[in-house]
Amino acid sequence: MIILQYLLLGFLVVCAVSVSLSKNLLNSIIIYMSFSLVMSMIWICLESPDLAITEAAVGAGVTSLLFFVTLKKIHAIREEETDEEG
């Protein structure tokens, strides 16, 4: 269990550094979502399920959705980019 916690903490640091170094805004949002999900797993390891549910719902869910909508509104995500991916 301790090894899992160290792996999660390491992945948390990697996510934090990669968000700050990323040039693409869409990639930054996706990395932020993974940061929030890893943080919710850490809350589970710390035996705090209420914070884990809140982190997963607000951090990975609502905040990321608002970021996606904002990028769409400011035209940072173009139709060509979504057509190429899908």
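Which residues make a nonpolar surface patch of about 340 Å²? In this predicted model, the patch is formed by Ile2, Tyr6 and Leu9. Tyr6 belongs to helix H1, which spans residues 2–21, and its relative accessible area of 59% places Tyr6 in the exposed class, because that class begins over 50%.

The chain as a whole contains 4 helices and 0 strands, and its elements follow the order α-α-α-α from the N terminus. Of its 86 residues, 22% are buried, while the accessible surface amounts to about 6,100 Å², with 72% of that area belonging to carbon and sulfur atoms. Among contacts between residues at least 6 apart in sequence, 56% link residues that are at least 24 apart.

The interior was examined next. In soluble globular proteins, nonpolar side chains tend to be buried together. The largest nonpolar core of the model consists of 6 residues, namely Leu8, Leu12, Val38, Met39, Ile42 and Cys45. Helices H1 and H2 each provide at least two residues of this core, and H2 makes the greatest contribution, with 4 residues. Within this set, Ile42 is in contact with Leu8 and Leu12, and Ile42 also touches Leu9, when residues up to four places away in sequence are left out of account. Leu9 is thus named both among the contacts of Ile42 and among the residues of the nonpolar surface patch.

A second buried position in helix H2 (residues 25–45) is occupied by Ser36, for which the relative accessible area is 0%, so that Ser36 counts as buried. Apart from its neighbours within four places in sequence, Ser36 contacts Glu55, Gly59 and Ala60.

The cysteines were considered with respect to both burial and bonding. Cys15 has a relative accessibility of 2% and is therefore classed as buried, the limit being under 20%. Cys45, a member of the largest nonpolar core, has a relative accessible area of 17%, and Cys45 is likewise buried because this value also falls under the 20% limit. A disulfide is a covalent bond between the sulfur atoms of two cysteines. A search of the whole structure returned 0 disulfides.

How values were computed. Residues are numbered from 1 along each chain as its sequence is written. This is a predicted model: local features need pLDDT of at least 70, side-chain atom pairs count only at pLDDT 80 or more; totals for chains, interfaces and linings use all residues. Side-chain values use heavy atoms; hydrogens and water are left out. Patches are made of residues with over 30% relative accessible area and no salt bridge: like charges are joined within 9 Å, nonpolar side chains (Val, Leu, Ile, Met, Phe, Trp, Tyr) within 5 Å. Accessible areas come from the Shrake-Rupley method with a 1.4 Å probe; for residues, only the protein chains shown count as cover. A salt bridge is a side-chain nitrogen of Lys or Arg within 4 Å of a carboxyl oxygen of Asp or Glu. Buried means under 20% relative accessible area, exposed over 50%, partly exposed in between (1.4 Å probe, protein chains only). A disulfide is a pair of cysteine sulfur atoms within 2.5 Å. Contact means heavy atoms within 4.5 Å. A nonpolar core is a set of buried Ala, Val, Leu, Ile, Met, Phe, Trp, Tyr and Cys residues joined through side-chain atoms within 4.5 Å.
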